[in-house]
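Visitor: I am new to this structure. Could you take me through it, one question at a time?

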Amino acid sequence: MSVTRRKLLKTSALGAAALATPHIWMPGTREAWGATLTEGEPIKVGLLFSLTGGLAVPEEDSTLVMQYAIDEINAAGGVAGLPIDPVIVDAKSDFKVYSEKTRELILRDKVTSIFGCYTSASRKAVLPTIMQRDNLLFYPTCYEGAECTQNTICTGPLANQHSFDLIPYMVEQFGPRVFFVGSNYVWPKESNKNAKIWLENANGELLGEEYIPLGSSEFGPVLEKIRAANPDFIFSTVVGASDIAFHRQFKQAGLNVDTMPIASLTTGEIETKAMGAEFGAGHFLSAPYFQNMENETNAKFVEGFLSSKYGKNGTTHYNMEETYISAYVFKAALEKAIEMHGIEDVTPRKIRDAAAGVRVEADVSPEGLVWIDENNFNTWLVPKIGQCQPDGSFKIVKEAPEHVAPDPYSIYPDLGTCTADGLLAPDGTLKTDVI
């Protein structure tokens, strides 16, 4: 993070009020877990996404693009000459199923890593098992931060790479008065803590804040409150099928996108395709990737994926692209770990440690060069803001001038700094497995 960003956060009056006590998972229950690779045998990984239920709209594509990436990697020789073998699970948009299937993937299928989850609620459901068994989760989407575990690699944006630019952009373009709407779970609520700070720094005004049950499709009462408040824009952290219903009902309620657009952290090309382009047109999204990015790698990725047997949904979007990148982070980290330790001594934790500083170059990454932070194992990326066009594509209206460092404790600087070994508090104490 730049000095300017850090200084801005520390001087915010809301910063001190937002401090919270982190949840520390008890490390005494961690079990030693041996190597999961054998010379000459395929490398097993788990794909833990929802193929059915309210979260299937974004998560099905994560499963599909992981299979596409694995096919690419295997066709190019695999990892150290070994093919990757995905074990595919339907989490059914049910947090209990995420947890149960995580245990099965580790104990029964003996996967060396798990790629999965879209919501923070599902991530928090699986992390205790992953930490207990010392396995590794690749979490490939945006999240709120305020975690510091030694068993997670994240390839999506944190709040300081996401809403940090979106909130002041919307204030500048449309006005300072905003209404927050989100799904009712941890990510929207924590994201909005960040957004309130960015809003105060932009001299904005919060008119209202509403949360609806995850999976709900009834927005009538919320839209009436929005109509009465008459904000300049709406900031949305609504996810999945609920997001589609929200945009449809916004238009059906007669609200005007030109004078009251929705600025979202989740509504990309796949959601717009599902809802109909006419319901997405004019609204905004903050993301590191858009399908119409103009570079050779992205053109190859879009054409290759959509023409493959996995491209049935007809579009690419930020969440699946971040998932695609995670496959190549895994490949690079595993190759590095094998070189350092030998294949039969590689463990999931050693793969995680080897991922420090791993780069996915612009000739592989559709969004351009990204790399894994060597301390907190989140991703350095370039934030962007897009506006949905009448055909459902997004026009990039703002792009950060350089890569932005991931900062999982951007609004909680007094709690410490996430390091490779744990959360380092200002008093020098180190807390591991903070979730």
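Visitor: Is glutamate 104 buried, exposed or partly exposed?
Guide: Buried means under 20% relative accessible area, exposed over 50%, and partly exposed in between (1.4 Å probe, protein chains only). Glutamate 104 has a relative accessible area of 29%. Therefore glutamate 104 is partly exposed.

Visitor: What kind of model is this, and how are residues numbered?
Guide: This is a predicted model, in which local features need pLDDT of at least 70, side-chain atom pairs count only at pLDDT 80 or more, and totals for chains, interfaces and linings use all residues. Side-chain values use heavy atoms, with hydrogens and water left out, and residues are numbered along each chain as its sequence is written, from 1.

Visitor: How far apart are the closest N and O atoms of arginine 108 and glutamate 104?
Guide: These two form a salt bridge. The term means a side-chain nitrogen of Lys or Arg within 4 Å of a carboxyl oxygen of Asp or Glu. Arginine 108 counts as exposed, at 56% relative accessibility. The closest N and O atoms are separated by 3.5 Å.

Visitor: Which residues are linked in a network of salt bridges?
Guide: Glutamate 104 and arginine 108 belong to the network. The structure holds 15 salt bridges. The linked residues are Lys101, Glu104, Arg108 and Asp109.

Visitor: Which residue forms a salt bridge with glutamate 209?
Guide: The closest N and O atoms of this pair are 2.8 Å apart. The pair links distant parts of the chain, 13 residues apart: glutamate 209 is in strand 7 (residues 205-212), its partner in helix 7 (residues 186-201). Helices (H or I, at least four residues) and strands (E, at least two) are DSSP runs, numbered from the N terminus. Glutamate 209 is partly exposed at 27%, and at 29% so is its partner, lysine 196.

Visitor: What separates arginine 227 and glutamate 224 along their helix?
Guide: They form a salt bridge, with the closest N and O atoms 3.7 Å apart. Arginine 227 is partly exposed at 37%, and glutamate 224 is partly exposed at 47%. Because they sit 3 residues apart in helix 8 (residues 220-229), the separation is about one helical turn.

Visitor: What span should helix 3 have?
Guide: Helix 3 holds 20 residues, 56-75. The expected span is 1.5 Å times one less than the number of residues. Its end C-alpha atoms are 28 Å apart, which agrees with the expected 28 Å.

Visitor: How many residues of helix 3 are buried?
Guide: Helix 3 is mostly covered. Of its 20 residues, the buried ones number 15.

Visitor: Which residue in the loop between helix 3 and strand 2 (84-90) has a positive phi although it is not a glycine?
Guide: Glycine 77 follows helix 3, and its phi is positive, near 110°. The residue you ask about has a phi of about 55°. It lies in the loop between helix 3 and strand 2. It is alanine 80.

Visitor: Where is alanine 146 found?
Guide: Alanine 146 also has a positive phi, about 60°, although it is not a glycine. It is found in the loop between strand 4 (137-139) and strand 5 (152-154).

Visitor: Is leucine 137 buried or exposed?
Guide: Leucine 137 is found in strand 4. Its relative accessibility is 0%. So leucine 137 counts as buried.
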